Amino acid sequence: MIKENHTALSDFIFVGYSDLLVLQMLLFVMFLLIYMSIIAGNGLIIYIIVTDPTLDTPMYFFLKSLAFLEIFYTSVTLPKMLVSFVTQNMTISFVGCAAQIYFILFLGGTECFLLAAMAYDRYVAICNPLHYRLIMCKELCLGLVIVSLTINMPVDMGQIYLLFNLPYCGTREINNFFCDIPPVLELACADTFASEVYMVAASALILILPFCFIFASYVKIISVILKMPSAEGRKKVFATCSSHLIVVSLFYGSATIVYVSPRSKETLIVNKLLSLFYTILIPMLNPIIYSLRNREVKISLRKLFRKCLIGLLRENKGKRTMGLNVASLMYGGSLPFCLI
């Protein structure tokens, strides 16, 4: 149970944008557009994977899971930010801050392990293609997603317990756009060594362990690709991994700097921007990366847009035919030449 300390039942105050008051409306519009694009982009990825039978493969099952995860991940922070812009209420409750940090850690850690599962999928597909369908069965894919969701839960609970057992008896101003461990630790008026050590250890488990697995998978994948005799074949096989590699580089690069690097006044400013990057901008970029660099997704999107276009044309044609029939009745069965 979290201790009753000086900050219990008190609110924290976000000051991540307090010096940008004249730009608050612009920031509101910008973050609203970003949130809408995240919902639309990831929702579109989910829709085409669910409706297109050609995308019923383990790789796209993981991509669909990642798209769901990105929507929930951004929904932890962005709606609260948008409400703050509109109401000018930059506060968050003690319990609300704890909940926000927990879900950021939980969903972020889930993404780390899910990216590792996607790397394993690519490893099996390229290094053991004859047994791919046998190994990457639906039961294993579902099991990997469930493990990704549950493996970091106890670790995250431990971080929240240590963090919110600290006394917060000074300023309650969080120098960030949302609650996160580094800026909240800055407010504690007690020794934070245990919490900092636990944060680094948890980051090593949740960030570095899956990254090592991803790195090992791609070392084996690249060694197999380099042995291929055809340059065209090497290019085609590597194209199936490029989207995943870009997402891994962006996510792990920013998250590692925020949670593993030593704390200082200078790094707090950088971390504030990087935390915004991996919690908001990367989920917006993921659908673009996967749609632009994935042939099957592009084909499925073309089919969807063609189907929508044909449906619109048929609807317009039906409305025009109905209009002509009404006009024909009005003119007693014969239409003026200009209406035909």
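**Asking about a predicted chain**

Visitor: Which is Asp 52, buried or exposed?

Guide: Asp 52 has a relative accessible area of 8%. Buried means under 20%, exposed means over 50%, and partly exposed lies in between (1.4 Å probe, protein chains only). So Asp 52 is buried.

Visitor: What do the side-chain values leave out?

Guide: This is a predicted model: local features need pLDDT of at least 70, side-chain atom pairs count only at pLDDT 80 or more, and totals for chains, interfaces and linings use all residues. Residues are numbered from 1 along each chain as its sequence is written, and side-chain values use heavy atoms, leaving out hydrogens and water.

Visitor: Where is Asp 52?

Guide: Helices (H or I, at least four residues) and strands (E, at least two) are DSSP runs, numbered from the N terminus. The chain has 12 helices and three strands. Asp 52 sits in the loop between helix 1 (24–51) and helix 2 (58–75).

Visitor: Which side chain makes a polar contact with the side chain of Asp 52?

Guide: A polar contact is a pair of N or O atoms within 3.5 Å. Within protein, one atom must be able to donate a hydrogen and the other to accept it; residues adjacent in sequence count only if both atoms are side-chain atoms. At 2.7 Å, the partner of Asp 52 is Thr 54.

Visitor: Leaving aside neighbours within four places in sequence, which residues is Asp 52 in contact with?

Guide: Contact means heavy atoms within 4.5 Å. With those neighbours left aside, Asp 52 is in contact with Ser 300 and Lys 303.

Visitor: What is the N to O distance in the salt bridge of Asp 52 and Lys 303?

Guide: A salt bridge is a side-chain nitrogen of Lys or Arg within 4 Å of a carboxyl oxygen of Asp or Glu. The structure holds two of them. The side chains of Asp 52 and Lys 303 meet at an N to O distance of 3.4 Å.

Visitor: How many residues apart are Asp 52 and Lys 303?

Guide: Lys 303 is partly exposed at 37% relative accessibility. Lys 303 lies in helix 12 (residues 295–330), while Asp 52 is in the loop between helix 1 and helix 2. The pair links distant parts of the chain, and the residues apart number 251.

Visitor: Which residue forms a salt bridge with Asp 121?

Guide: Asp 121 is buried at 1%. Its partner is buried too, at 9%. The closest N and O atoms are 3.0 Å apart, and the partner is Arg 122.

Visitor: Which residues form a disulfide?

Guide: A disulfide is a pair of cysteine sulfur atoms within 2.5 Å. A search of the whole structure finds one. With sulfur atoms 2.2 Å apart, the pair is Cys 97 and Cys 179.

Visitor: Left-handed or right-handed: which is the disulfide of Cys 97 and Cys 179?

Guide: Cys 97 is in helix 4 (residues 94–127), and Cys 179 is in the loop between strand 3 (173–174) and helix 8 (181–185), 82 residues apart. Cys 97 is buried at 0%, and Cys 179 is buried at 0%. The torsion about the S-S bond is about -120°, so the disulfide is left-handed.

Visitor: Why is there no bond between the sulfur of Cys 127 and the closest cysteine sulfur?

Guide: Cys 127 is partly exposed at 24%. The closest cysteine sulfur is in Cys 241. There is no bond because the sulfur atoms are too far apart, at 8.9 Å.

Visitor: Which residues make the nonpolar surface patch of about 410 Å²?

Guide: Patches are made of residues with over 30% relative accessible area and no salt bridge: like charges are joined within 9 Å, nonpolar side chains (Val, Leu, Ile, Met, Phe, Trp, Tyr) within 5 Å. One residue of this patch, Met 25, is exposed at 60%. Met 25 is in helix 1. The patch of about 410 Å² is made by Met 25, Val 29, Leu 33 and Met 36.

Visitor: What is the phi of Gln 88?

Guide: Gln 88 lies in the loop between helix 3 (78–87) and strand 2 (91–93). Gln 88 is partly exposed at 47%. Although Gln 88 is not a glycine, its phi is positive, about 65°.

Visitor: How far apart in space are Val 76 and Ile 104?

Guide: Val 76 is in the loop between helix 2 and helix 3. Not counting residues up to four places away in sequence, Val 76 touches Gln 100, Phe 103, Ile 104 and Leu 107. Val 76 and Ile 104 are 28 residues apart in sequence, yet C-alpha to C-alpha they are apart by 7.0 Å.

Notes: Areas by Shrake-Rupley, 256 points an atom, 1.4 Å probe, with all protein chains shown as cover.
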